[in-house]
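Me: I should like to go through the charged pairs of a structure and the terms applied to them. Please set each value against its definition.

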Amino acid sequence: MTDHDGRSVERYPASLDEQTLEDSERLIEMMQRISGHEPTLWNVGTLGFGTYHYQYDSGREGDGHTIGFYPRNGRLTIYLMDGTARHSELLAKLGKHTTTGYCVYIRQLGDVELPVLERIVRESYEFVESKSQAGPIRQILWKAQE
């Protein structure tokens, strides 16, 4: 599994501390099961699962990962491309975390309720997938939900 520049998905998580590596392996398994896709490496170190195409009225277009996460030593960033606001009720039950517009920040998976996290990620994936079935997504989904 490599990205478009030939970087190895397997090699990237191996550079992490033991706890973050273990958590990354669990997230890879979860997101693979939810999406049915192998991980691909996006940008510096984001592991993405599935893709969608966007095309805005401004003419800007491209592809994004449907779900994904960015592991760094001592911190995991989980991306919900439909935004965290859509998941506020479940996030209240998640456990120790912080959020921004489309990011959930967790120090380690042991700090959260994994079944709740899996439900959030699954619902996010299904929502973005359903929006992308009609053609390119024409809005930034997480901003549209604010």
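Me: What makes Arg119 count as partly exposed?

Reply: This is a predicted model, in which local features need pLDDT of at least 70, side-chain atom pairs count only at pLDDT 80 or more, and totals for chains, interfaces and linings use all residues. Residues are numbered from 1 along each chain as its sequence is written, and side-chain values use heavy atoms, with hydrogens and water left out. Buried means under 20% relative accessible area, exposed over 50%, and partly exposed in between (1.4 Å probe, protein chains only). Arg119 has 47% relative accessibility and therefore counts as partly exposed.

Me: Why is the contact of Arg119 with Glu123 called a salt bridge?

Reply: The term requires a side-chain nitrogen of Lys or Arg within 4 Å of a carboxyl oxygen of Asp or Glu. Between Arg119 and Glu123 the N to O distance is 2.9 Å, so the definition is met.

Me: How do you know that Arg33 and Glu118 form a salt bridge?

Reply: Their closest N and O atoms are 2.3 Å apart. The pair ties together parts that are 85 residues apart in sequence, because Arg33 lies in helix α2 (residues 18-35) and Glu118 in helix α4 (residues 114-132). Helices here are DSSP runs of H or I, at least four residues, numbered from the N terminus.

Me: Is Glu118 buried or exposed?

Reply: Glu118 has 18% relative accessibility, so the residue counts as buried.

Me: What makes Asp82 count as buried?

Reply: Asp82 has 0% relative accessibility and therefore counts as buried. Its salt-bridge partner is Arg86, at 2.5 Å from N to O.

Technical notes. Helices (H or I, at least four residues) and strands (E, at least two) are DSSP runs, numbered from the N terminus.
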